[in-house]
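The following exercises ask the reader to examine one structure with care. Each task is followed by a solution in steps.

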Amino acid sequence: MSQGQAGKGHTLKGIAVSPGIVIGRARLVDRSRVKILYQYLIGERQVKQEVERFKEALAAAKQQIIDVKNKMPEQIKHHAFILDTHLMIMDDSMFSNATITAILEEKINAEWALKKSVQNIAKVFAQIEDEYIKERMNDVEYVAERVLINLAGKEQESLAEINERVIIVAHELSPGDTSSINIGKVMGFITDAGGRTSHAAIMAQSLKIPAIVGLETVTHQVQDGNLLIVDGTTGEVFLDPDDDMIIQYQEKQLEQERIESSIIRMAHLPAETVDGHRVAVRANIEFLEDVAAAKDHGGEGIGLYRTEYLYLKARGMPKEVELFEDYKEVAEIIAPDPVTIRTLDMGGDRFLPDKAATKETNPALGLRAIRFCLREPMIFKTQLRAILRASAFGNIQIIFPMISGLQELLDSRKILKEVMDDLDKEGIAYDRKIKVGIMIEVPSAVAVADILARHVDFFSVGTNDLIQYALAIDRVNELVAYMYQPFHPAILRMIRQVVQAAKAAGIRVALCGEMAGDPLCTLILTALGFDELSLNSGGIPMIKKIIRSLSLEKARAELQEIFQQDTASKVRELVLNKMRGLIPELDKKLFVAN
Ligand code: PEP
Ligand code: MG
């Protein structure tokens with residue numbers, strides 16, 4: 001990443017992964033990898049002792065992870081499954097047994113044996129070529145590192161012990177590190193390594209502390225105690241800033257806080273345009289624990305409950321009762337507002353541990369979502385039973401992902417009907433009028449939206465996948481990320497077609513992809529006539545604020561002009577100008593990263 005001159009010191013630029021500005025002193029945390037200094041052969045008589053040494057280091061590592069897990073801050077408790085994964089890795093025979101076997105058979109020291117096991121695991125992972133799997137390899141390395149530290153008899157400084165207000169500077173941070181961060185003290189963190197989807201980045205967002213990763217050399221450029229300005233919105237770090245710069249950033253910080261709190265204060269007002277058109281703004285959630293944040297941010301229900309987490313967390317398949325209890329609790333907390341529960345969307349970049357062996361050349365085009373469920377009717381039925389049973393306790397709607405045509409929808413509805421009949425026979429209560437909808441995220445579903453609309457109660461447009469499939473860009477491939485264009489005229493036309501089909505059939509239409517949370521898209525989506533937008537909780541206050549600033553009539557007129565533009569960049573430019581004029585007081589917040 002680039003460097004430039006600024007203030008007394010200089011500027012570094014990395015990947016902004018968690019927004020906000022902090023000004024504070026650096027605290028360098030040594031997370032350099034343990035060097036294996038000695039790889040040696042051992043004598044027959046030492047073998048038993050060496051195995052014991054490894055077992056002790058492994059047991060200590062397990063205990064350390066359990067301790068971190070038990071003390072995890074509340075805000076990130078739902079990420080605890082990452083630490084469970086680490087415990088599972090330690091129990092895996094390719095990790096532990098293989099190391100012991102190498103010590104016994106090859107008569108090599110524990111460090112060397114462990115290194116070999118990790119290399120062998122890496123070879124297996126290398127053949128799989130999948131982003132998700134690559135992340136899991138990082139986990140194997142973190143775990144091995146923990147064991148190596150114990151083997152070396154070293155103590156590693158825990159981030160829980162930091163008790164001054166500082167900005168953490170490290171080569172990289174493991175999930176164990178971020179899970180034990182003392183959030184009362186740590187103002188932010190910046191690292192040499194890491195990417196947008198690293199655990200550290202995700203945790204920083206949940207903890208709401210500014211973070212920048214991928215700075216490459218920051219640990220070489222910063223010394224303990226240096227003054228830093230970290231702008232987690234732009235990805236800039238200013239080293240030893242001068243007074244003018246500090247004042248400038250303190251003002252920016254205050255301004256951002258002022259805007260933030262004024263928006264949050266109004267989060268519970270309805271999203272109604274100045275001319276009285278109401279849009280329901282709901283939350284996308286992935287865990288039960290997200291429901292509180294959804295309510296706090298003014299979410300009028302849950303527009304999308306992605307249900308994969310309980311499946312990813314479980315060692316086998318989750319039991320009906322576990323699913324039921326989870327769905328029931330979400331429904332009860334959010335009632336009388338609705339929760340739209342999406343049936344399992346496995347495959348693509350998410351898969352069940354025991355299905356990982358089935359390698360697909362194009363997983364995004366493979367056995368994903370509804371296709372997977374129709375192939376595994378028992379898994380599908382278990383989830384549907386749990387959803388239906390929970391529907392007796394609140395306002396639940398069901399949504400099927402990745403529907404590509406009518407037959408798939410009819411097949412899914414048939415299974416749903418079978419589950420309902422079973423519950424009737426067993427005398428188990430459920431909401432007989434439960435609303436059933438589909439995600440519109442495959443281009444073929446857009447083309448036949450008028451047909452599909454006759455068979456469902458509502459649509460929800462999943463633009464994350466719709467953009468992927470319509471523009472033929474892999475949504476997890478950084479190389480084509482620049483082509484991920486919500487403003488592409490093809491996407492806008494497709495979305496319009498879906499809304500028109502829904503209106504003609506008299507059904508509700510929502511949008512729950514990332515576009516719903518992008519402030520620049522709100523004008524278009526409101527003008528198109530969406531009944532509902534569903535997005536990550538943090539963005540709800542802002543989107544509601546924008547809707548409250550719009551006039552539907554004016555926005556509709558502007559839509560004409562927007563639809564005349566022939567490229568994504570022209571659309572973007574036009575919308576940007578319209579928004580700038582519309583709510584000038586929000587310009588700083590809205591356009592800061594542009
Ligand atoms: C989408 O595709 O837009 C969507 C909301 O679903 P997911 O991101 O979970 O695939
Ligand atoms: Mg999707």
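Rings of Phe, Tyr and Trp (its six-membered ring) count as a pair if their centres lie within 6.5 Å; planes under 30 degrees apart are called stacked, over 60 edge-to-face and the rest tilted. The model is predicted, and local features need pLDDT of at least 70, side-chain atom pairs count only at pLDDT 80 or more, while totals for chains, interfaces and linings use all residues. Residues are numbered from 1 along each chain as its sequence is written, chains are lettered from A and ligands numbered from 1 in the order in which they are written, and side-chain values use heavy atoms, with hydrogens and water left out.

**Exercise 1.** State how many aromatic pairs a search of the whole structure finds, and describe the pair of Tyr305 and Tyr327.

*Solution.*
Step 1. The search of the whole structure yields five aromatic pairs.
Step 2. One of them joins Tyr305 and Tyr327 edge-to-face, with 6.0 Å centre to centre and 85° between the planes.
Step 3. Tyr305 belongs to strand S12 (residues 302–305) and Tyr327 to helix H12 (residues 320–334), so the pair ties together parts that are 22 residues apart in sequence. Helices (H or I, at least four residues) and strands (E, at least two) are DSSP runs, numbered from the N terminus.
Step 4. Tyr305 is buried, with a relative accessible area of 3%, and Tyr327 is buried, with 1%. Buried means under 20% relative accessible area, exposed over 50%, partly exposed in between (1.4 Å probe, protein chains only).

**Exercise 2.** Describe the aromatic pair of Phe380 and Phe400.

*Solution.*
Step 1. The two rings are edge-to-face, 6.0 Å centre to centre, with 65° between the planes.
Step 2. Phe380 is in helix H14 (residues 377–390) and Phe400 in strand S14 (residues 396–400), 20 residues apart, and the pair thus links distant parts of the chain.
Step 3. Both Phe380 and Phe400 are buried.

**Exercise 3.** Which protein donors does the magnesium ion (ligand 2) have?

*Solution.*
Step 1. Donors are N, O and S atoms within 2.8 Å of the metal (3.2 Å for Na, K and Ca); water is not among the atoms, so sites may look incomplete.
Step 2. Glu441 (OE) and Asp465 (OD) are the protein donors, lying 2.0 to 2.2 Å from the ion.
Step 3. Glu441 lies in the loop between strand S15 (435–440) and helix H16 (443–447), and Asp465 in helix H18 (residues 463–471), so the pair ties together parts that are 24 residues apart in sequence.
Step 4. Glu441 is buried, with a relative accessible area of 2%, and Asp465 is buried, with 3%.
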